[in-house]
Amino acid sequence: MTELPDSLTAWAQARLTEVEAKLAFAEDLIDTLNQTVIRQQAQLDSMQQQLRLLHQRIKDVTPDESRSLRDEIPPHY
């Protein structure tokens with residue numbers, strides 16, 4: 001712990017300055033984290049849209065008819 005200055009006013013001012021500095025760093029960190037979350041959410045939204053498009057393409061390419069096991073028998077049987 002730091003030594004107390006000669007007067008209580010100087011000590012209080014030093015503590016206030018220290019708290020203000022810590023608050024400034026905390027606010028900067030919160031802003032940085034917020035921007036990271038925003039960027040990651042945009043990436044997630046983009047990936048979800050791509051996944052939906054891929055799913056739709058697979059549905060469009062895959063025939064809707066159900067296949068029976070007879071269709072799966074190799075031709076040499």
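This is a short tour of the fold, the surface and the salt bridges of a predicted model.

**Whole chain**

Start with everything selected. The protein has 77 residues, and buried residues make up 0% of them. Switch to a cartoon view. The secondary structure amounts to one helix and zero strands. Now turn on the surface. Its accessible area comes to about 7800 Å². Carbon and sulfur atoms account for 59% of that area.

**Helix α1**

Select residues 8-61. This is helix α1. The next stops, R15, E18 and K22, sit on this helix. Show their side chains as sticks.

**R15**

Select R15, which lies in helix α1. Is R15 buried or exposed? Neither label fits: its relative accessible area is 38%, between the 20% and 50% cut-offs, so R15 counts as partly exposed. Follow its side chain to the side chain of E18. The two make a polar contact at 3.2 Å.

**E18**

Select E18 next. At 34% relative accessibility, E18 is partly exposed. How many salt bridges does the structure hold? There are two. E18 takes part in one with R15 and in another with K22.

Take the R15 pair to begin with. The closest N and O atoms of E18 and R15 are 3.2 Å apart. Look along the helix to see the spacing. E18 and R15 are three residues apart in helix α1, so about one helical turn separates them.

**K22**

Move on to K22. Its closest N–O approach to E18 is 3.5 Å, and the pair forms a salt bridge. Both residues lie in helix α1, four residues apart, again about one turn of the helix. Check the surface here. K22 has 54% relative accessibility, over the 50% cut-off, so K22 counts as exposed.

**The network**

Finish by selecting R15, E18 and K22 together. Which residues do the shared salt-bridge partners join? R15, E18 and K22 form one network. E18 is the shared partner, bridged to R15 and to K22. Colour the three by accessibility for a last view: R15 at 38%, E18 at 34% and K22 at 54%.

How values were computed. Residues are numbered from 1 along each chain as its sequence is written. This is a predicted model: local features need pLDDT of at least 70, side-chain atom pairs count only at pLDDT 80 or more; totals for chains, interfaces and linings use all residues. Side-chain values use heavy atoms; hydrogens and water are left out. A salt bridge is a side-chain nitrogen of Lys or Arg within 4 Å of a carboxyl oxygen of Asp or Glu. Helices (H or I, at least four residues) and strands (E, at least two) are DSSP runs, numbered from the N terminus. Buried means under 20% relative accessible area, exposed over 50%, partly exposed in between (1.4 Å probe, protein chains only). Accessible areas come from the Shrake-Rupley method with a 1.4 Å probe; for residues, only the protein chains shown count as cover. A polar contact is a pair of N or O atoms within 3.5 Å; within protein, one must be able to donate a hydrogen and the other to accept it, and residues adjacent in sequence count only if both atoms are side-chain atoms.
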